[in-house]
Amino acid sequence: MTAPSASAAPSFAPRDNYLTADYSWRSWLLTVDHKRIGILYLLSVTGFFFLGGLFAVLLRLELATPQGDLVQAETYNKLFTMHGLVMIFFFLVPSIPGVLGNFFVPIMIGAKDMAFPRLNLLSWYVYMIGGLVSFLAIITGGVDTGWTFYAPYSSTYANSNVALTAVGVFITGFSSILTGLNIIVTVHKMRAPGMTWFRMPLFVWAHYATSVIMILGTPVLAITILLLALERLFHIGIFDPKLGGDPVLFQHLFWFYSHPAVYIMILPAMGVISELVAAFSRKRIFGYSFVAFSSLAIAVLGFLVWGHHMFLSGQSVYAGVVFSVLSFLVAIPSAVKVFNWSATLYKGSVQLSTPMMYVIGFLGLFTIGGLTGLFLACLGLDVHVHDTYFVVAHFHYIMVGGAVMAFLGGLHYWWPKMFGKMYPEALGKFSAVVVFIGFNLTFFPQFLLGYLGMPRRYHAYPEEFGVLNVLSSAGASILGIGYLLPMAYLLWSLRYGPEAEQNPWGAKGLEWEKAPTPPPTFNFDATPIVTQEAYAYADDLPPEESRTQARLV
Amino acid sequence: MSDSHGGHGALAHHFEDLEQQREAHTLGMWAFLVTEILFFGGLFAAYVVYRSAYPEAFANASNQLDPVLGGINTAVLIGSSFTMVLAVHAAQQRRKWAIFGWLWTTIVLGTAFLGVKYVEYHHKWEHHLIPGPNFLFEGQPGGSEQLFFALYFSMTGLHAFHMVIGAGILIWLSVLALKGRFDEPGRNAVEMAGLYWHFVDLVWIFLFPLLYLLGRHQ
Amino acid sequence: MSASHDAAHADHGGAGLKLYFAVFAALLVGTWLTVWVAGHDFGVWNTPIALAIACTKAALVLLYFMHVRWSSRVVWMAAAIGFVFLAILLAFTVSDYATREWLEIYSAPLKGR
């Protein structure tokens, strides 16, 4: 609230914003505005989310009964493969960076746009092309290798559209690289005057760390997938044991990307949570620099642990021990974040608005997901629960309970800024509760199933697993409703929702304090000059205490 | 990295000044090169694993390559890097024909490299050294020698693909140079293309000894 | 702004051409050296020597042709980080293969043929 320049424009007439600047199709499909590209991403990731969700519905329907009665084993293989592929490569990886990151990283640092607006648009097109190629592979027969494409099954034996799917994933990888590259350069070079590194919102730090992973990891996946496609199409032999090739090498290269990719999915979610916790506790985030650096620490440590996916692959047991120990290290920065968010809540004036409901859900579910990750990182215990539903439950707690909850929370939090409309608050809270209940009912039984020894990726199972599976399927249907509700009322709000003020939450940050709602094409009426750190919620505190807090940051 | 060139002004709308724009483009290019390092990196990892597992087979297979052609190509590529530097230098001094000339020298050298590569590939084709079901090594069907050739073709093929892209960019820049685009972004574009070209050279500096020379001392 | 950039280049721009030529010559000598050492057997040192020469050549290209020597800190970081993570990829992958045979119960899957 220090620079008076931003609020000078009188608002008698409805002002031009990025949505009303131009209504033509062309203006959307050829836009270089990071906000419109964010909206394009929002539309497409939502489409892929419901496509992946459709596969999940079919999976849970099949698993509602012990017999394999709804689909054949082969069909089931394709269903879980395509569920994983769509959700990971076409929803989780691009969701928060593509939608919220694209929209808000430039605004939060006071820039007019991303550093490379056309590359940004290109990244969406590349994503869509990759998505369409994979979609083509899905509707022309599907793929059954599991999303991990393990050789030599994928390279030699599978009778499904492996090559075409691989090409789709390969293409989409470049979209991720372009997004990452763009965010890195934007954060380095586009910050407004006064926006120092340690005044940046933690959302931006999280996206910076994510982008580092994107540009370091994704190319390795790209070359691996390319080799796989070559192996499959031309039998060049690179992963073929007959010629002395090693399928485990495929796993090394694959997980060099795909483990860090887990952090591509969760780090932006952590960034969202940092914003929301501070905004709805009316309090500066506890230990700002620890949370900021823990993002970078996760990005770096995430590259040192991939072998914990390969404990039972024939990998050297000595390498396994090293990977196991290093995996435990990743828990430290993750725990730093969880503790700091909890400490931020402590003595804050907590408001349980809809986004905050998702935050509370996230904190619990992410903690469970993280702690069970430690079980799995433990070399000995992993032998027992490897490839069981325990693993499935673990990563769904992180990915769905963590990343998707944060995405929904962030979407609700920034929805008024993005579209200038408020959604119905009571319905919002209700669906957050539905999502939470549905989620736990779906996935908690899977921990038990896994611990009891039910392997993943089978379409039929012994009778004694029946009750827990029915619970899980019932939970999934509740979860599905929990996802459809926000979709319905958010769309409803676009037309019928009340107009949003510039800062409906009374939150700090350039996007609320300086940018109009919805923002104009260049985000601000004048380039903001930043004079204070992020989360300056100290106004409510007595002056002395607020000065102490400011010095601490 | 071409964001500034389609625009009419030298300064794209979202930058405050030319310095910010130039720094952003430079950093963007370097970030891209980081991805390139790891893109090739996957192949180098495979190379390290298989070569240490099958040293004999790799040395024998490597001896099928022609180190003279490889050596000449290395010199040609280093030469093209040198002329690229001269093109960047000329761009900084806004000497139109010098830019054009050095860019085209670079393109010609790059094409020569690709020509030699074609001769080598053709030779491998004739000797059934293309990995796949028809691979024959000294009359025998493929063993782990085939892994060497799978890596040889992946690595040099990916490298050659980068050369083709690079040559395309240089041709485009030479046209821009003739049109007299010497504002700051235009000059910077030559510099960015130079970074890319040198990176491609850099990869070859490692590929040459690793692929062509590992069995020569026997 | 761009004037200061030109000035920065002028610092090495004057000596530039000579320096570039020297680097070019060094790279050619390096190539010749690579070929020469490949013809001699240094036992286990064959590969390290070849790689040392290649790394020196690569460093020359990076520092002088790619102007890293005169670049900002963030470019230094970008140039370094790619190689650091490549080293991580290689080191951890090799750590698996190098230690597989330490334990007798593991067969060595890569010594098949």
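**Figure 1. Helix α13 of chain A has a kink at Y413(A).** In this predicted model, helix α13 of chain A covers residues 389–419. Follow the helix along and you'll meet a kink of about 45 degrees at Y413(A). The proline P416(A) comes shortly after that kink. Of the 31 residues of α13(A), 30 are buried, so the helix is largely enclosed by the rest of the structure. Keep going just past the end of α13(A) and you'll land on G420(A), which takes a positive phi of about 75 degrees.

**Figure 2. Helices α10 and α11 of chain A cross with their axes within 10 Å.** Here's a pair to look at side by side: α10 takes in residues 317–345 of chain A, and α11 takes in residues 354–377. Two packed helices are described by the angle between their axes and the distance between the axes. For this pair, the crossing angle is roughly 165 degrees. Angles over 145 degrees count as roughly antiparallel, and α10(A) and α11(A) are therefore roughly antiparallel to each other. Their crossing is left-handed.

**Figure 3. A closer look at the residues between α10(A) and α11(A).** On the α10(A) side, the contact is made by S324(A), S327(A), F328(A), A331(A), S334(A), V338(A), W341(A) and S342(A). Facing them from α11(A) are L363(A), F366(A), T367(A), G370(A), L374(A) and A377(A). Sort this contact by class and you get eight nonpolar residues, six polar ones and no charged ones.

**Figure 4. Chain B on its own, with six helices and two strands.** Walk along the sequence of chain B and the pattern reads α-α-α-α-β-β-α-α. Its C-alpha atoms fill a box of roughly 65 × 30 × 30 Å along the principal axes. Chain B has 218 residues, and 59% of them count as buried. Now take the contacts in chain B between residues at least 6 apart in sequence: 76% of these join residues at least 24 apart.

**Figure 5. Where chain B meets chain A.** In this view, 31 residues of chain B are in contact with 33 residues of chain A. On the chain B side, the elements giving two or more residues are α1 (18–53) and α5 (144–178). Which of chain B's elements gives the most to this side? That's α1(B), with 17 residues. The chain B side as a whole divides into 16 nonpolar, 13 polar and two charged residues.

**Figure 6. Chain C has three helices and zero strands.** The pattern along chain C is simply α-α-α. Chain C has 113 residues, and buried residues make up 27% of them. As for its contacts with a separation of 6 or more, 39% come from residues 24 or more positions apart.

**Figure 7. Where chain C meets chain B.** This contact takes 42 residues from chain C and 44 from chain B. Look for α1 (2–38), α2 (46–65) and α3 (73–99) of chain C, since each supplies at least two residues of the side that touches chain B. How does that side of chain C divide into nonpolar, polar and charged residues? There are 27 nonpolar, 12 polar and three charged.

Notes
Residues are numbered from 1 along each chain as its sequence is written. Chains are lettered from A and ligands numbered from 1 in the order in which they are written. This is a predicted model: local features need pLDDT of at least 70, side-chain atom pairs count only at pLDDT 80 or more; totals for chains, interfaces and linings use all residues. Two residues are in contact if their C-beta atoms, placed from the backbone, lie within 7 Å. Helices (H or I, at least four residues) and strands (E, at least two) are DSSP runs, numbered from the N terminus. Ala, Val, Leu, Ile, Met, Phe, Trp, Tyr, Cys and Pro count as nonpolar, Asp, Glu, Lys and Arg as charged, and the others, Gly among them, as polar. A residue is buried if 20 or more other C-beta atoms lie within 10 Å of its own, exposed if 12 or fewer, and partly exposed in between; C-beta atoms are placed from the backbone. The bend at a residue is the angle between axes fitted to the seven residues ending there and the seven starting there. Axes are lines fitted to C-alpha atoms, for helices over the stretch in contact, and angles run from 0 to 180 degrees between N-to-C directions. Angles under 35 degrees count as roughly parallel, over 145 as roughly antiparallel, 65 to 115 as roughly perpendicular and the rest as oblique. A crossing is left-handed if the near helix is turned anticlockwise from the far one by less than a right angle, and right-handed if clockwise.
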